[in-house]
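User: I would like to go through the labels attached to this model and see what each of them rests on. Please set every value against its cut-off before you conclude.

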Amino acid sequence: MTVALPTVDAPCAVCGDSGADPVWATPDRAFAVPGHYTVVRCRGCGFLYQRPRVRDEHLAACYPDHYPRHQEPSPRMPIKGSSGRRRAARWALASGLGYEALRAARVSLLTRLRGRRMLRRIRWSCPPWIGAGRYLDVGCGSGAALGVAAALGWRVAGIEMDDAAAALARHFTDELHVGDVLTAPFAPGRFDVVTAFHVLEHVPDPIAVARRMLDWLAPGGLLIVEVPNAGGLGARLFGGAWAGLELPRHLSHFTPATLETVIAKAGGTVIWTWHQAKPRTYLWSLSAWLRDRGWNALARSTEVRLVYGVLKLGLEVLVPLARRARSGEAIRIGAVRNRPA
Ligand SMILES: [Zn+2]
């Protein structure tokens, strides 16, 4: 593939305004899809989005066969390891996330302390237990999140565009729609938890997709959405070299505020926002930033194991600060459907 893919010059998907100013422009840094791609800021509402963008019917060509989310899944199982560790994980799930079925009669103080330490990580890898345990993962890839949910007792279903990835996800469920979110046949109100991890930034119409996901929620249900944070420290520091840009695959670049607007326009309300920051993403951004300045030797040195290790160690200290400053590299929101007035 050496010819740039056909593009469309679409206005802001959030407010419809056609006025926009360029902010960042980059080639495809990850998979070398030909072309140069630009992110603009809407003059009407401030939304950051790719414009022009690859036409809908060519978007699949932006994803190579070795796209990471399509590889063999590696679910991050919470209950594993020694019997002490498993007891602590069960306690954390029962006490912190509502998994009453995992509650043990007697739990030692040591197990509670250990469980409390595990809770933060477990919150990121396991959905809270809600309602009747019916779970849908939108854009499930090869099924890592489905595998975790199924192991925790959820009845799981998935939606995935990519055939090969969906074939792997079938390992966890027969209820798998291969194709577009908007054409998935699930009935409204069918699920207690719907998740979309790093999906909404890939779709041409995020409001329509968010509305569809909210419609699938049963009363009391929770929608969980995670996207890169274009309002975070990394985007501010590295600009066009920020790893979250991922052009041309990321069509929308949300901040906490614009994601909230999208959810509101889709008929929902954001009830919490979490920030995540991992050293890795800053190091990817730094490496691209150095390359953009022609400092290739320096960029390569950040990939040398020792230098990478030292930088990573420094960042391990700094990233909790970014999280606390609510300026993380990814944001995860929980949203509920608004009740009809
Ligand atoms: Zn707009």
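User: What makes Val-148, which lies in helix α3, count as buried?

Analyst: In this predicted model, Val-148 has 23 C-beta neighbours inside 10 Å, and the label buried is given at 20 or more, so Val-148 counts as buried. Leaving aside neighbours within four places in sequence, Val-148 is in contact with Pro-75, Arg-76, Met-77, Ser-125 and Cys-126. The C-alpha atoms of Val-148 and Phe-172 are separated by 9.4 Å, with their positions 24 residues apart along the chain.

User: Why is helix α3 described as largely enclosed by the rest of the structure?

Analyst: Helix α3 runs over residues 144-151, and six of its eight residues are buried, so the helix is described as largely enclosed. The buried residues are Ala-144, Ala-145, Leu-146, Gly-147, Val-148 and Ala-149. They pack against the helices α2 (109-125) and α4 (163-169) and the strands β6 (134-138), β7 (155-160) and β9 (191-197). Just after α3, Gly-153 takes a positive phi of about 100°.

User: How do you know that Arg-51 is to be called buried or exposed?

Analyst: Arg-51 has 22 C-beta neighbours inside 10 Å, and since the label buried requires 20 or more, Arg-51 counts as buried. Its place is in the loop between β4 (48-50) and β5 (53-54). Not counting residues up to four places away in sequence, Arg-51 touches Asp-9, Ala-10, Ala-20, Thr-38 and Val-40. From Arg-51 to Val-138 the separation is 87 residues in sequence and 25 Å in space, C-alpha to C-alpha.

User: What value of omega goes with the cis peptide bond from Arg-51 to Pro-52, and where is the cis bond that joins Leu-247 and Pro-248?

Analyst: For the bond from Arg-51 to Pro-52, omega is near -10° and the bond is cis; Pro-52 lies in the loop between β4 and β5. For the bond that joins Leu-247 and Pro-248, omega is about 5°, and this bond is cis as well. Pro-248 is placed in the loop between α6 (233-238) and β11 (252-253). As background, most peptide bonds are trans.

User: What makes the phi of Ala-32 worth a remark, and why does Ala-32 count as exposed?

Analyst: Phi of Ala-32 is near 55°, a positive value in a residue other than glycine. Most residues other than glycine have a negative phi. Ala-32 is found in the loop between β2 (20-27) and β3 (36-42). With 10 C-beta neighbours inside 10 Å, set against a limit of 12 or fewer for the exposed class, Ala-32 therefore counts as exposed.

User: Why is His-198 called partly exposed?

Analyst: His-198 has 18 C-beta neighbours inside 10 Å; the exposed class ends at 12 and the buried class begins at 20, so His-198 counts as partly exposed. His-198 is found in the loop between β9 and α5 (206-215), and its phi is near 55°, a positive value in a residue other than glycine.

User: Why are α8 and α10 called oblique to each other?

Analyst: The axes of helix α8 (residues 279-292) and helix α10 (residues 305-324) come within 9 Å and cross at roughly 125°. Angles from 65 to 115 degrees count as roughly perpendicular and those over 145 as roughly antiparallel, and an angle of roughly 125° falls in neither range, so α8 and α10 are oblique to each other. The crossing is right-handed. The contact is made by Pro-279, Tyr-282 and Leu-283 of α8 and by Tyr-308, Leu-311, Lys-312, Leu-315, Glu-316 and Val-319 of α10. By class, these residues divide into seven nonpolar, no polar and two charged.

User: What makes α5 oblique to α7?

Analyst: The axes of α5 and helix α7 (residues 256-265) come within 8 Å and cross at roughly 60°. Roughly parallel applies under 35 degrees and roughly perpendicular from 65 to 115, so α5 is oblique to α7. Their crossing is right-handed. The contact is made by Pro-206, Ile-207 and Ala-210 of α5 and Val-262, Ile-263 and Lys-265 of α7, with five nonpolar, no polar and one charged by class.

Terms used: Residues are numbered from 1 along each chain as its sequence is written. This is a predicted model: local features need pLDDT of at least 70, side-chain atom pairs count only at pLDDT 80 or more; totals for chains, interfaces and linings use all residues. Axes are lines fitted to C-alpha atoms, for helices over the stretch in contact, and angles run from 0 to 180 degrees between N-to-C directions. Helices (H or I, at least four residues) and strands (E, at least two) are DSSP runs, numbered from the N terminus. A crossing is left-handed if the near helix is turned anticlockwise from the far one by less than a right angle, and right-handed if clockwise. Two residues are in contact if their C-beta atoms, placed from the backbone, lie within 7 Å. Ala, Val, Leu, Ile, Met, Phe, Trp, Tyr, Cys and Pro count as nonpolar, Asp, Glu, Lys and Arg as charged, and the others, Gly among them, as polar.
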